Amino acid sequence: MCKIIRFLKDGEEKFGILEEEKIKVLEGIQKIEELFNKNQKEIQDLAICEILKKEVEILSPIDFPLQDVICLGVNYLEHAKESYKFKGEAFDGKREEAVYFSKRVNQCTKPYGEFAIRGMSNALDYEVELAFVVGKDCQNISKEEALDYVFGYSVANDLSARDLQKKHKQWYAGKSLEGALVLGPCVVLKESLNPFNLSIQSYVNGELRQNSNTKEMIFTIPHILSELSHYFMIKAGSLVITGTPSGAGMGFNPPKFLKAGDEVRCCIEGIGEIVTKIIE
(Lines give C-alpha, C1' and ligand atoms only; values in the text may rest on other atoms or scores of the structure.)
Protein backbone atom coordinates (compact mmCIF):
# COMPACT_ATOMS: atom_id res chain seq x y z
CA MET A 1 0.00 0.00 0.00
CA CYS A 2 1.52 3.32 -1.10
CA LYS A 3 -0.11 6.37 0.52
CA ILE A 4 1.12 9.77 -0.67
CA ILE A 5 0.67 12.60 1.83
CA ARG A 6 1.46 16.30 1.94
CA PHE A 7 2.54 17.56 5.35
CA LEU A 8 3.91 20.55 7.22
CA LYS A 9 7.01 20.27 9.40
CA ASP A 10 8.98 23.17 10.82
CA GLY A 11 7.09 25.58 8.56
CA GLU A 12 7.98 23.69 5.38
CA GLU A 13 5.58 21.72 3.17
CA LYS A 14 6.78 18.36 1.93
CA PHE A 15 5.48 15.14 0.40
CA GLY A 16 5.99 11.68 1.78
CA ILE A 17 4.79 8.09 1.92
CA LEU A 18 2.71 7.30 4.98
CA GLU A 19 3.47 3.94 6.60
CA GLU A 20 1.37 3.62 9.77
CA GLU A 21 3.05 5.96 12.29
CA LYS A 22 6.04 6.84 10.11
CA ILE A 23 6.52 8.98 7.02
CA LYS A 24 9.14 8.42 4.36
CA VAL A 25 10.05 11.89 3.09
CA LEU A 26 10.22 12.27 -0.71
CA GLU A 27 13.17 14.20 -2.04
CA GLY A 28 12.55 17.35 -4.08
CA ILE A 29 8.79 16.97 -4.60
CA GLN A 30 6.92 20.29 -4.40
CA LYS A 31 3.62 19.32 -6.07
CA ILE A 32 1.79 16.03 -6.39
CA GLU A 33 1.78 16.46 -10.17
CA GLU A 34 5.53 15.76 -10.13
CA LEU A 35 4.70 12.17 -9.22
CA PHE A 36 2.20 11.50 -12.01
CA ASN A 37 4.71 10.07 -14.48
CA LYS A 38 6.33 7.76 -11.92
CA ASN A 39 5.36 4.24 -10.91
CA GLN A 40 5.19 3.03 -7.34
CA LYS A 41 8.81 1.83 -7.20
CA GLU A 42 10.12 5.07 -8.67
CA ILE A 43 8.20 7.05 -6.05
CA GLN A 44 9.46 4.84 -3.23
CA ASP A 45 13.01 5.31 -4.50
CA LEU A 46 12.67 9.06 -3.85
CA ALA A 47 12.49 8.49 -0.08
CA ILE A 48 15.50 9.99 1.69
CA CYS A 49 14.64 9.68 5.39
CA GLU A 50 11.95 8.70 7.89
CA ILE A 51 10.14 10.90 10.41
CA LEU A 52 7.32 10.23 12.84
CA LYS A 53 3.76 11.03 11.83
CA LYS A 54 3.13 12.69 15.21
CA GLU A 55 5.80 15.29 14.42
CA VAL A 56 3.94 16.79 11.45
CA GLU A 57 0.63 18.36 10.44
CA ILE A 58 -1.02 16.43 7.63
CA LEU A 59 -2.42 18.67 4.88
CA SER A 60 -4.80 17.87 2.05
CA PRO A 61 -2.83 16.02 -0.66
CA ILE A 62 -4.08 18.54 -3.22
CA ASP A 63 -4.13 22.14 -2.01
CA PHE A 64 -5.46 24.11 -4.99
CA PRO A 65 -7.40 21.98 -7.52
CA LEU A 66 -6.47 22.52 -11.14
CA GLN A 67 -10.07 23.35 -12.13
CA ASP A 68 -13.53 23.05 -10.62
CA VAL A 69 -13.94 19.61 -9.11
CA ILE A 70 -16.03 17.19 -11.19
CA CYS A 71 -18.81 15.61 -9.13
CA LEU A 72 -21.29 12.76 -9.51
CA GLY A 73 -24.82 13.33 -8.25
CA VAL A 74 -27.05 10.62 -6.77
CA ASN A 75 -24.65 7.84 -7.77
CA TYR A 76 -25.83 5.36 -5.12
CA LEU A 77 -29.40 4.11 -5.54
CA GLU A 78 -30.47 4.52 -1.89
CA HIS A 79 -29.12 8.07 -1.83
CA ALA A 80 -31.03 8.82 -5.02
CA LYS A 81 -34.22 7.76 -3.21
CA GLU A 82 -33.58 10.01 -0.20
CA SER A 83 -32.56 12.91 -2.44
CA TYR A 84 -35.76 12.78 -4.47
CA LYS A 85 -37.82 12.44 -1.28
CA PHE A 86 -36.15 15.52 0.22
CA LYS A 87 -36.99 17.50 -2.91
CA GLY A 88 -40.58 16.25 -2.84
CA GLU A 89 -40.22 14.58 -6.23
CA ALA A 90 -41.21 11.10 -7.37
CA PHE A 91 -38.40 8.63 -8.07
CA ASP A 92 -38.99 5.87 -10.61
CA GLY A 93 -36.08 3.74 -9.35
CA LYS A 94 -34.09 4.09 -12.57
CA ARG A 95 -30.76 5.84 -13.11
CA GLU A 96 -30.06 5.42 -16.79
CA GLU A 97 -27.69 8.36 -17.13
CA ALA A 98 -25.06 9.80 -14.81
CA VAL A 99 -25.62 13.22 -13.23
CA TYR A 100 -22.52 15.42 -13.50
CA PHE A 101 -21.95 18.82 -11.93
CA SER A 102 -19.02 20.93 -10.80
CA LYS A 103 -17.97 22.27 -7.42
CA ARG A 104 -15.93 25.46 -7.09
CA VAL A 105 -13.00 24.70 -4.78
CA ASN A 106 -10.46 27.49 -4.31
CA GLN A 107 -8.60 25.47 -1.69
CA CYS A 108 -9.24 22.07 -0.15
CA THR A 109 -9.82 21.95 3.58
CA LYS A 110 -7.27 20.00 5.61
CA PRO A 111 -8.20 16.42 6.53
CA TYR A 112 -8.14 17.26 10.25
CA GLY A 113 -9.38 20.82 10.17
CA GLU A 114 -12.39 23.07 10.61
CA PHE A 115 -15.21 24.32 8.43
CA ALA A 116 -16.77 27.67 9.34
CA ILE A 117 -20.47 28.06 8.52
CA ARG A 118 -20.29 31.88 8.82
CA GLY A 119 -24.06 32.17 8.45
CA MET A 120 -23.93 30.87 4.86
CA SER A 121 -26.39 28.01 5.37
CA ASN A 122 -29.01 26.72 7.78
CA ALA A 123 -29.02 23.28 6.13
CA LEU A 124 -25.38 22.21 5.95
CA ASP A 125 -24.99 18.53 5.06
CA TYR A 126 -22.14 16.01 4.92
CA GLU A 127 -21.34 13.54 2.11
CA VAL A 128 -18.53 10.99 2.29
CA GLU A 129 -17.23 10.22 -1.20
CA LEU A 130 -14.46 8.30 -2.93
CA ALA A 131 -12.30 10.79 -4.82
CA PHE A 132 -9.85 10.04 -7.59
CA VAL A 133 -7.03 12.06 -9.10
CA VAL A 134 -6.48 11.98 -12.86
CA GLY A 135 -2.81 11.28 -13.60
CA LYS A 136 -2.56 12.16 -17.28
CA ASP A 137 -4.56 14.02 -19.91
CA CYS A 138 -7.33 11.87 -21.33
CA GLN A 139 -9.67 12.33 -24.26
CA ASN A 140 -11.83 9.81 -26.11
CA ILE A 141 -10.69 6.89 -23.97
CA SER A 142 -12.48 3.58 -23.53
CA LYS A 143 -13.80 2.13 -20.28
CA GLU A 144 -11.23 -0.63 -20.56
CA GLU A 145 -8.28 1.77 -20.51
CA ALA A 146 -9.77 4.36 -18.12
CA LEU A 147 -8.01 3.20 -14.95
CA ASP A 148 -4.67 3.67 -16.72
CA TYR A 149 -5.38 7.42 -16.48
CA VAL A 150 -6.04 7.40 -12.73
CA PHE A 151 -3.18 8.36 -10.41
CA GLY A 152 -4.81 7.43 -7.12
CA TYR A 153 -7.68 7.62 -4.64
CA SER A 154 -8.60 9.73 -1.64
CA VAL A 155 -11.44 10.45 0.82
CA ALA A 156 -13.64 13.52 0.34
CA ASN A 157 -16.37 15.18 2.37
CA ASP A 158 -18.56 17.08 -0.09
CA LEU A 159 -20.11 19.57 2.33
CA SER A 160 -23.38 20.81 0.83
CA ALA A 161 -25.82 23.62 1.61
CA ARG A 162 -29.22 22.07 0.91
CA ASP A 163 -31.08 25.34 1.39
CA LEU A 164 -28.98 27.02 -1.30
CA GLN A 165 -29.50 24.07 -3.62
CA LYS A 166 -33.25 24.55 -3.27
CA LYS A 167 -33.05 28.33 -3.51
CA HIS A 168 -31.10 28.40 -6.77
CA LYS A 169 -32.80 25.35 -8.37
CA GLN A 170 -29.41 23.80 -9.16
CA TRP A 171 -26.37 22.69 -7.19
CA TYR A 172 -23.41 24.94 -8.01
CA ALA A 173 -23.78 27.55 -5.26
CA GLY A 174 -24.90 25.08 -2.61
CA LYS A 175 -21.94 22.84 -3.32
CA SER A 176 -19.34 25.60 -3.49
CA LEU A 177 -19.24 27.28 -0.09
CA GLU A 178 -15.73 28.43 0.70
CA GLY A 179 -13.83 25.52 2.23
CA ALA A 180 -16.58 22.97 1.54
CA LEU A 181 -14.37 20.20 0.17
CA VAL A 182 -12.41 18.27 2.78
CA LEU A 183 -9.82 15.97 1.20
CA GLY A 184 -7.30 13.45 2.46
CA PRO A 185 -5.58 12.21 4.42
CA CYS A 186 -3.60 10.82 1.49
CA VAL A 187 -3.74 9.68 -2.11
CA VAL A 188 -3.42 5.92 -2.41
CA LEU A 189 -1.73 4.92 -5.66
CA LYS A 190 -4.00 3.04 -8.04
CA GLU A 191 -1.73 -0.01 -7.97
CA SER A 192 -2.41 -0.35 -4.24
CA LEU A 193 -6.21 -0.31 -4.15
CA ASN A 194 -9.27 -1.90 -5.74
CA PRO A 195 -11.80 0.99 -5.94
CA PHE A 196 -14.74 -1.27 -6.77
CA ASN A 197 -15.18 -2.89 -3.35
CA LEU A 198 -14.39 -0.55 -0.45
CA SER A 199 -16.46 0.03 2.67
CA ILE A 200 -17.42 3.69 3.07
CA GLN A 201 -18.83 5.40 6.19
CA SER A 202 -19.51 8.74 7.81
CA TYR A 203 -20.08 9.55 11.47
CA VAL A 204 -21.43 12.70 13.10
CA ASN A 205 -20.44 13.13 16.74
CA GLY A 206 -19.66 9.42 16.80
CA GLU A 207 -23.04 8.36 15.39
CA LEU A 208 -22.83 6.19 12.28
CA ARG A 209 -24.78 7.97 9.54
CA GLN A 210 -23.62 6.51 6.23
CA ASN A 211 -22.54 2.91 5.80
CA SER A 212 -22.14 1.36 2.36
CA ASN A 213 -19.64 0.02 -0.15
CA THR A 214 -18.30 1.43 -3.40
CA LYS A 215 -19.61 -1.65 -5.19
CA GLU A 216 -23.03 0.00 -4.80
CA MET A 217 -22.07 2.83 -7.17
CA ILE A 218 -24.42 3.03 -10.14
CA PHE A 219 -21.76 4.47 -12.46
CA THR A 220 -18.18 3.31 -11.90
CA ILE A 221 -14.93 5.19 -12.35
CA PRO A 222 -14.25 3.67 -15.82
CA HIS A 223 -17.73 4.74 -16.98
CA ILE A 224 -17.30 8.25 -15.56
CA LEU A 225 -13.85 8.89 -17.00
CA SER A 226 -14.58 7.36 -20.38
CA GLU A 227 -17.88 9.16 -20.87
CA LEU A 228 -16.60 12.57 -19.83
CA SER A 229 -13.46 12.18 -21.94
CA HIS A 230 -15.68 11.93 -25.00
CA TYR A 231 -17.14 15.36 -24.19
CA PHE A 232 -13.93 17.21 -23.31
CA MET A 233 -10.29 16.65 -22.43
CA ILE A 234 -9.80 15.88 -18.75
CA LYS A 235 -6.47 17.35 -17.70
CA ALA A 236 -3.92 15.63 -15.51
CA GLY A 237 -4.43 16.83 -11.95
CA SER A 238 -8.21 16.96 -12.23
CA LEU A 239 -10.08 15.82 -9.14
CA VAL A 240 -13.31 13.80 -9.41
CA ILE A 241 -15.61 12.80 -6.55
CA THR A 242 -17.91 9.90 -7.22
CA GLY A 243 -21.10 10.44 -5.22
CA THR A 244 -22.27 9.61 -1.71
CA PRO A 245 -24.30 6.74 -0.23
CA SER A 246 -27.57 7.09 1.68
CA GLY A 247 -27.56 8.46 5.21
CA ALA A 248 -26.87 12.10 4.46
CA GLY A 249 -28.52 14.52 6.85
CA MET A 250 -31.30 15.39 4.44
CA GLY A 251 -32.39 11.74 4.40
CA PHE A 252 -33.67 11.76 7.99
CA ASN A 253 -37.12 12.84 9.17
CA PRO A 254 -36.62 15.48 10.42
CA PRO A 255 -33.33 16.20 8.61
CA LYS A 256 -30.13 16.03 10.66
CA PHE A 257 -28.16 18.97 9.36
CA LEU A 258 -24.81 20.08 10.77
CA LYS A 259 -24.40 22.83 13.35
CA ALA A 260 -21.51 24.52 15.09
CA GLY A 261 -19.81 22.13 17.47
CA ASP A 262 -20.47 19.01 15.39
CA GLU A 263 -17.66 16.72 14.30
CA VAL A 264 -17.84 14.76 11.04
CA ARG A 265 -15.66 11.72 10.39
CA CYS A 266 -15.50 10.19 6.91
CA CYS A 267 -13.82 6.83 6.35
CA ILE A 268 -13.01 4.68 3.33
CA GLU A 269 -11.41 1.26 3.62
CA GLY A 270 -7.77 1.15 2.56
CA ILE A 271 -7.41 4.94 2.42
CA GLY A 272 -8.13 6.28 5.89
CA GLU A 273 -10.30 8.90 7.53
CA ILE A 274 -10.79 12.65 7.58
CA VAL A 275 -12.28 14.55 10.53
CA THR A 276 -13.86 18.00 10.35
CA LYS A 277 -14.99 20.25 13.19
CA ILE A 278 -17.90 22.53 12.29
CA ILE A 279 -17.61 26.03 13.74
CA GLU A 280 -19.60 29.28 13.52
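This passage walks through strand pairing, backbone oddities, a salt bridge and a cavity in a predicted model.

The N-terminal end is a good place to start. The UniProt record, an unreviewed entry, puts the feature "domain: Rv2993c-like N-terminal" at residues 3-28. In the model, that stretch is 77% strand and 0% helix, and the C-alpha atoms at its two ends sit 17 Å apart. Strand β1 covers residues 3-9 and strand β2 covers residues 12-19; the two run antiparallel and are joined by seven bridges. Within this pairing, Lys3 faces Leu18 of β2 across the ladder. β2 also pairs with strand β3 (residues 22-26), again in the antiparallel sense, this time over four bridges. Here Ile17 has Lys24 of β3 as its bridge partner.

Both of these connections are hairpins, and each has a turn residue worth a look. Between β1 and β2 there are two residues, and Asp10 takes a positive phi near 55°. Asp10 belongs to the loop between β1 and β2, and its phi is a positive value in a residue other than glycine. The hairpin of β2 and β3 likewise leaves two residues between its strands, and in that turn Glu20 has a positive phi of about 55°. For context, most residues other than glycine have a negative phi, and most peptide bonds are trans.

Peptide bonds that break with the trans habit turn up too. The bond from Gly184 to Pro185 is cis, with omega near -10°. Pro185 is part of a strand, namely β13, which spans residues 181-189. Another cis bond links Asn253 to Pro254, with omega about 0°. Pro254, by contrast, falls in a loop, the one between β16 (239-241) and β17 (263-268).

Further along the chain, five strands make up an open sheet in the order β8-β18-β17-β14-β15, and the pairing is mixed. At the edges are β8 (112-116) and β15 (207-213), each of which pairs on one side only. Ignoring direction, neighbouring strands in this sheet are turned by 20° against each other on average. As in any sheet, the strands pair through backbone hydrogen bonds, either parallel or antiparallel. One of the antiparallel pairings is that of β14 (residues 199-204) with β15, which runs over six bridges. In that pairing, Ile200 stands across from Ser212 of β15.

Turning to charged side chains, a search of the whole structure brings up 19 salt bridges. One of them joins Asp68 to Arg104, with the closest N and O atoms 2.8 Å apart. Asp68 lies in the loop between β5 (57-59) and β6 (69-73), while Arg104 lies in the loop between β7 (99-103) and β8, so this pair ties together parts of the chain that are 36 residues apart in sequence. Side chains of opposite charge can pair in this way when their charged atoms come close.

Last comes the inside of the protein. Searching the whole structure for cavities of 30 Å³ or more gives one hit, with a volume of about 30 Å³. Its lining is made up of Leu130, Pro195, Phe196, Thr214, Met217, Thr220 and Ile221. Sorted by character, these lining residues come out as five nonpolar, two polar and no charged.

Key: Residues numbered from 1 in each chain as written. Predicted model: local features only at pLDDT ≥ 70, side-chain atom pairs only at ≥ 80, totals over all residues. Heavy atoms only, no water. Pairing = 2+ DSSP bridges. Axes fitted to C-alpha atoms, helices over the stretch in contact; angles between N-to-C directions. UniProt positions renumbered as here; feature names shortened; annotations may be inferred. 1 Å grid on protein atoms, 1.4 Å probe; cavity = no way out; pocket = protein on both sides within 12 Å on 5 of 7 lines; lining within 4 Å. Points joined across faces, edges and corners; volume = space filled by probe spheres on them. Nonpolar A, V, L, I, M, F, W, Y, C, P; charged D, E, K, R; others polar. Salt bridge = Lys/Arg side-chain N within 4 Å of Asp/Glu carboxyl O.
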